[in-house]
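Colleague: I am new to this structure and would be grateful for a close look at a single part, the surroundings of the ligand.
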Amino acid sequence: MKVIKNALQMQKIALKHLRDGDEIGLVPTMGALHEGHISLLSKSEKNDDITIVSIFVNPIQFGVNEDYLKYPRPIKKDLDICRKNHVDYVFMPSVDDMFSQEHRTFVEVQKMQDILCGLFRPAHFEGVATVVSKLFNISYPDRAYFGIKDFQQLKILERMARDLNFRTKIIPCPTVRERSGLALSSRNSYLSEEEKNISLKISKTLKEAVHEFRNKDLNFVKRNVLNKLRKIPNSRIDYAEIVNFSNLSIADNNTKRVVFAVAVWIGKTRLIDNVIMTKRSK
Ligand code: AMP
């Protein structure tokens with residue numbers, strides 16, 4: 001496994017693999033790797049000749065009062081995980097290399113970036129789309145792997161890849177959860193034991209919503225989820241919304257495939273989760 005810290009060098013290596021006919025898989029991450037990330041890079045291991053994992057805590061996707069500085073950066077542990085999982089290259093650029101003082105270009109995925117999480121984190125998805133488009137141009141991936149856990153991000157990047165004619169195929173990967181149901185996230189490390197116990201309510205509530213969705217009205221399901229989430233102690237709801245699976249527009253009772261997406265603060269930690277629900281045809 002090689003650790004590459006420079007974008008130009010990564011680009012040259014990727015280009016060489018491309019010319020040699022290798023298929024390249026890219027797994028973009030911000031590090032603090034867990035089983036969720038590992039499921040992505042294992043998928044790339046199976047599909048691709050070369051697996052590149054990028055580890056970059058991207059400053060431009062954090063708001064001013066967000067956790068950029070305190071975001072966990074266990075570099076040694078992350079590299080061990082990558083090595084153990086047969087990653088070929090870890091791309092770990094510096095902030096200056098990715099975003100120089102002169103950087104002026106940003107990628108905007110209109111409408112889709114302004115809803116759900118985008119309402120509460122205004123520059124977030126522009127930051128994500130910009131860094132991912134740079135990563136695509138640096139590593140020429142045939143496939144790039146993203147978690148359904150970050151559903152809005154996944155849909156925005158699918159749109160971006162189509163709209164900007166990237167050669168990369170976006171591969172959605174299922175959410176990996178603890179046995180308790182809690183979706184794995186690097187931010188779970190912020191939670192105290194008590195907060196962790198409380199936060200299980202989020203996935204439990206969504207799981208119950210999947211059952212209700214089979215035979216109940218959409219608004220009923222939504223109201224019920226909101227009521228349950230409001231009862232979680234020491235919490236605050238950013239949103240709990242049912243959206244169309246394909247384009248993130250607000251769903252109605254005729255929408256066949258929907259996603260119930262929520263963002264809830266537990267203490268000082270913001271957690272997101274979602275479930276995909278499909279109406280059975282009668
Ligand atoms: P992050 O390091 O949080 O930016 O995440 C990097 C990638 O891992 C993103 O595509 C995430 O959606 C994905 N990911 C994060 N948590 C999970 C999880 N629990 N299950 C599956 N994928 C995940």
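Which polar backbone atom, and of what residue, lies 2.8 Å from a nitrogen atom of the ligand?

Modeller: That atom belongs to the backbone of Val176, which is 2.8 Å from a nitrogen atom of the ligand; a polar contact is a pair of N or O atoms within 3.5 Å, and within protein one must be able to donate a hydrogen and the other to accept it, while residues adjacent in sequence count only if both atoms are side-chain atoms. Please note that the model is predicted, with local features needing pLDDT of at least 70 and side-chain atom pairs counting only at pLDDT 80 or more, whereas totals for chains, interfaces and linings use all residues. Residues are numbered from 1 along each chain as its sequence is written, and side-chain values use heavy atoms, with hydrogens and water left out.

Two further contacts involve oxygen atoms of the ligand. At His37, a polar side-chain atom lies 2.9 Å from an oxygen atom of the ligand. At Gly147, a backbone N or O atom lies 2.9 Å from an oxygen atom of the ligand. Of the ligand's own 490 Å² of accessible area, the protein covers 92% (Shrake-Rupley method with a 1.4 Å probe; for residues, only the protein chains shown count as cover).

The elements that give two or more residues to the shell are strand S2 (24-29), helix H2 (35-47) and strand S5 (143-147); helices (H or I, at least four residues) and strands (E, at least two) are DSSP runs, numbered from the N terminus. H2 supplies the largest share, three residues.

Altogether 17 residues surround the ligand, and those that come nearest are Met30, His37, Asp150, Val176 and Leu184; a residue is near a molecule or strand if one of its heavy atoms lies within 4 Å of it. By class, the shell holds eight nonpolar, seven polar and two charged residues, where Ala, Val, Leu, Ile, Met, Phe, Trp, Tyr, Cys and Pro count as nonpolar, Asp, Glu, Lys and Arg as charged, and the others, Gly among them, as polar.
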